[in-house]
Amino acid sequence: MPLFLDRHDAPGATAVEIAAAHALDVRVQDHHGVRYVTYWFDEAAGKVFCLAEGPDRAALEAVHREAHGLVADDIIEVGDGPINAFLGPIPQHPVGEAYVDAAVRAILFTDLCGSTRQTQVLGDDGHLALLREHDAIVRTALDGHGGREIKHTGDGIMASHRSVVSAVECAISIQRSVADRNRDAAIPFEVRIGISAGEPVADHHDLFGAAVQLAARLCDAAAPGGIAVSTAVRELCVGKRLDFDCTGPIGLKGFAEPVLIHQVVWA
């Protein structure tokens, strides 16, 4: 059956109330051929995301309507791949047990700078050797900071983090590792990184669509050796030992209004 992710705006709701509502969904789900897998509840933001299998969106709406009347504000059809890649392991907890787990994720893009010139000067094999070094550095940093590789983009890597702070720390680790590598390398290279944060949204049929697009554009806008982040990332790092310089607003491709950009101070 298709897999769906729905979103509820629930300001003021408590973890106990959401757990009880989920238990009611599970109690009546069989009437509509639906199976609720899990949910994420961001108590601070007052938002709930439910993951469920069902024949169609109408069936999910029918479960909520019969169970408690709290119909979703939005329903996204997703596949196992995007859910597992972006959100990570599915939360496992007993039905009716109160818990809090936000669905917000940080999206990180890396880009190996000067790929076209590297190919022209070094040839395909020389460029690929640098790209493999880039990949190894990025994957080591992801492993060390709780990141998940989503895909290889050709000249970089796209990844997801449950923690925005961890994503920024991962980016710093990448840049420091590249700098360390370049000190003794015959052929140095540079990497640019972009990070945004967001909730699961339907945007051109892509999970986390807007956040992904912004992270990619931030990566394009970052200086070689730089880390560019969105305002949301900067705000979610308040109180942490991380420094930022504001360099925006800057016009980004695909965005109607200029975007405020913050550069992570890591050197």
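**Stop 1: the largest pocket**

Start with the largest pocket, which holds about 250 Å³ of space. You are looking at a predicted model. Select D42, D101, A102, V104, R105, R162, S163, V164, A197, G198, A232 and L236; these residues form the lining of the largest pocket. Now colour by secondary structure. Two elements give two or more residues to this lining: strand β8 (191-198) and helix α7 (231-236). Next, colour the lining by residue class. Six of its residues are nonpolar, two are polar and four are charged.

**Stop 2: the second largest pocket**

Move on to the second largest pocket, with a volume of about 220 Å³. Its lining has 17 residues. Select H8, I18, A21, V48 and L70, the ones that lie nearest the centre of this pocket. Which elements each supply at least two residues of this lining? They are β1 (3-9), α1 (15-28) and β3 (47-53). Highlight α1: the largest share of the lining, five residues, comes from this helix. Colour by class again. Here you find nine nonpolar, four polar and four charged residues.

**Stop 3: the four-stranded sheet**

Keep β1 and β3 on screen and add β2 and β4. These strands make an open sheet of four, in the order β2-β3-β1-β4, with antiparallel pairing. Which strands stand at the edges? Select β2 (35-42) and β4 (74-78). Each of these two has a single partner strand, so one side of each is left without a neighbour in the sheet. Rotate the view to look along the strands. On average, neighbouring strands of this sheet are turned by 20° against each other, ignoring direction.

Zoom in on β1 and β3. They run antiparallel, and seven bridges join them. Select F4, then look across to β3: A52 stands opposite F4.

**Stop 4: an aromatic pair**

Now go looking for rings. Over the whole structure, a search finds two aromatic pairs. Select one of them, F86 with F208. The ring centres of F86 and F208 are 5.0 Å apart and the ring planes meet at 20°; planes under 30 degrees apart count as stacked, so this pair is stacked. That is the usual way to describe such a pair: by the distance of the centres and the angle of the planes.

Where do the two residues sit? F86 is in helix α3 (residues 80-87), and F208 is in the loop between β10 (206-207) and α6 (209-221). The pair therefore ties together parts that are 122 residues apart in sequence.

Switch on the surface. Are these rings' residues buried or exposed? Buried means under 20% relative accessible area. F86 has 5% relative accessibility, so F86 counts as buried. F208 has 0%, so F208 counts as buried too.

**Stop 5: two distances to try**

Select E61 in helix α2 (residues 57-67). With 30% relative accessibility, E61 counts as partly exposed. Draw a line from its C-alpha atom to that of A136. These residues are 75 apart along the chain, and the two atoms are separated by 45 Å.

Now select D155, in the loop between β6 (147-152) and β7 (157-161). D155 is partly exposed, with a relative accessible area of 28%. Draw a second line, from the C-alpha atom of D155 to that of S115. The two residues are 40 apart along the chain, and their C-alpha atoms are separated by 7.0 Å.

Definitions and conventions
Residues are numbered from 1 along each chain as its sequence is written. This is a predicted model: local features need pLDDT of at least 70, side-chain atom pairs count only at pLDDT 80 or more; totals for chains, interfaces and linings use all residues. Side-chain values use heavy atoms; hydrogens and water are left out. On a 1 Å grid over the protein atoms alone, a cavity is a set of points where a 1.4 Å probe fits but cannot get out, and a pocket is an open set with protein on both sides within 12 Å along at least five of seven lines; lining residues have an atom within 4 Å of a point. Grid points are joined across faces, edges and corners, and a volume is the space filled by probe spheres set on the points. Ala, Val, Leu, Ile, Met, Phe, Trp, Tyr, Cys and Pro count as nonpolar, Asp, Glu, Lys and Arg as charged, and the others, Gly among them, as polar. Rings of Phe, Tyr and Trp (its six-membered ring) pair if their centres lie within 6.5 Å; planes under 30 degrees apart count as stacked, over 60 as edge-to-face and the rest as tilted. Buried means under 20% relative accessible area, exposed over 50%, partly exposed in between (1.4 Å probe, protein chains only). Two strands pair if DSSP finds at least two bridges between them. Axes are lines fitted to C-alpha atoms, for helices over the stretch in contact, and angles run from 0 to 180 degrees between N-to-C directions.
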